[in-house]
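User: I'd like to learn how to read a protein–DNA model like this one. Can you walk me through it?

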Protein chains: 2
Amino acid sequence: MSNQQLKGHLEALILATLEIRPAYGYSILESLRTSSAGVFDLPEGTIYPALHRLEDAGLVKSTHEMVDGRQRRVYHLVAAGYGSLEKSRKSWQEFSAAVTNILAVNPA
Amino acid sequence: MSNQQLKGHLEALILATLEIRPAYGYSILESLRTSSAGVFDLPEGTIYPALHRLEDAGLVKSTHEMVDGRQRRVYHLVAAGYGSLEKSRKSWQEFSAAVTNILAVNPA
DNA sequence: TGCTCATACCTAGTAATACTAGGTATGACA
DNA sequence: TGTCATACCTAGTATTACTAGGTATGAGCA
């Protein structure tokens, strides 16, 4: 995947991942890698600042929990996060339809 | 359209626009606005630096031409530009399929 | 025990790029 | 003459994914 494609879309992907179930940072990376068949293989330096932004924005909340006998910082969606996710879905549909249309091979 | 969605996709959209026919900066903005049904309504400050980047990268070439009796800087694709556009199309398909899949409403 | 490794979290700084806010110039038209 | 849309441009800004570093833990092994 090229450099800048993800910009503006990562937070929606994280919210969608957390909608399925609460998760901690490292496991979100694994979820994204698996569910994208390897397209999104993100370094850790990407996920933690993004999670902090989401928490600052009031879209997710984190709690310290024991998972498999170890302390993890688990993030879960709050109401505003669900709302934001719905907006992102609509926005993505509009955006991706427009790009797909323009990139379609033009009639020669 | 939100702030950062376009990042990493604009150059492909410009190349695709120029594939149809050579065009000058201002007219590319109009093409994108029309062909996206208003989704891409970009300010001028977006297009000229992008065109200069594309020319620096050797993907397009510009010539000064008279269009409707006026001097215009007309950009057209060169060979490397066609190649880059094809790569961008493949990359977009992969990227958009992955995002669409992850954003799909999860089974409740 | 000591060593390595995967896991897990974090941050300061960097790079890339769309955008803002300003500028200039032209021709059409009232 | 004045205004407007068109047309091109650039310096600086904001955003955000990433790089490159750090720390800590538990499992497995020699």
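**Reading the interfaces and the sheet**

Analyst: Let's start between the protein chains: across the interface of chain A and chain B, the rule finds 0 salt bridges. Keep in mind that this is a predicted model.

User: What area is buried between chain A and chain B, and what share do carbon and sulfur atoms give?

Analyst: About 3000 Å² is buried between chain A and chain B, with carbon and sulfur atoms giving 67% of that. In residue terms, 34 from chain A are in contact with 35 from chain B.

User: How many residue pairs are in polar contact across the interface of chain A and chain B?

Analyst: The rule finds 10 such pairs, both residues being at pLDDT 80 or more. On the chain A side, α1 (10–20), α2 (25–35) and α4 (79–103) each supply at least two residues touching chain B. The largest share comes from α4(A), with 14 residues. Sorted by class, that side of chain A has 18 nonpolar, 12 polar and 4 charged residues.

User: On to the DNA. Which residues are closest to DNA strand D?

Analyst: Of the 22 residues that surround DNA strand D, the closest are A:T46, A:R53, B:Y24, B:E44 and B:R73. Then ask which part of the strand is being approached: sugar and phosphate account for 68% of the atoms of DNA strand D that come within 4 Å of the protein.

User: Which individual atom pairs should I look at?

Analyst: Try A:T46, where a polar side-chain atom lies 2.7 Å from a phosphate oxygen of DNA strand D. A:K7 goes to a base instead: one of its polar side-chain atoms is 3.4 Å from a base oxygen of DNA strand D. With B:G25, a backbone N or O atom lies 3.3 Å from a phosphate oxygen of that DNA strand. The elements that give two or more residues to the surface near DNA strand D are α3 (44–56) of chain A, plus α2 (25–35), α3 (44–56) and β3 (70–77) of chain B.

User: Which element gives the most to the surface near DNA strand D?

Analyst: That's α3(B), with 5 residues. By class, the surface near DNA strand D has 7 nonpolar, 7 polar and 8 charged residues.

User: And how do I read a sheet?

Analyst: The general idea is that strands of a sheet pair through backbone hydrogen bonds, either parallel or antiparallel. In chain A, 3 strands form an open sheet in the order β1-β3-β2, with antiparallel pairing. Its edge strands, β1 (23–24) and β2 (60–67), each pair on one side only. Between β1(A) and β3 (residues 70–77) of chain A there are 2 bridges. For A:Y24, the bridge partner in β3(A) is A:V74.

Technical notes: Residues numbered from 1 in each chain as written. Chains lettered and ligands numbered in written order. Predicted model: local features only at pLDDT ≥ 70, side-chain atom pairs only at ≥ 80, totals over all residues. Heavy atoms only, no water. Pairing = 2+ DSSP bridges. Helix = DSSP H or I, 4+ residues; strand = E, 2+ residues; numbered from the N terminus. Near = heavy atom within 4 Å. Polar contact = N/O pair within 3.5 Å; in protein donor to acceptor, adjacent residues only side chain to side chain. Nonpolar A, V, L, I, M, F, W, Y, C, P; charged D, E, K, R; others polar. Contact = heavy atoms within 4.5 Å. Buried area = accessible area lost by both parts, 1.4 Å probe. Salt bridge = Lys/Arg side-chain N within 4 Å of Asp/Glu carboxyl O.
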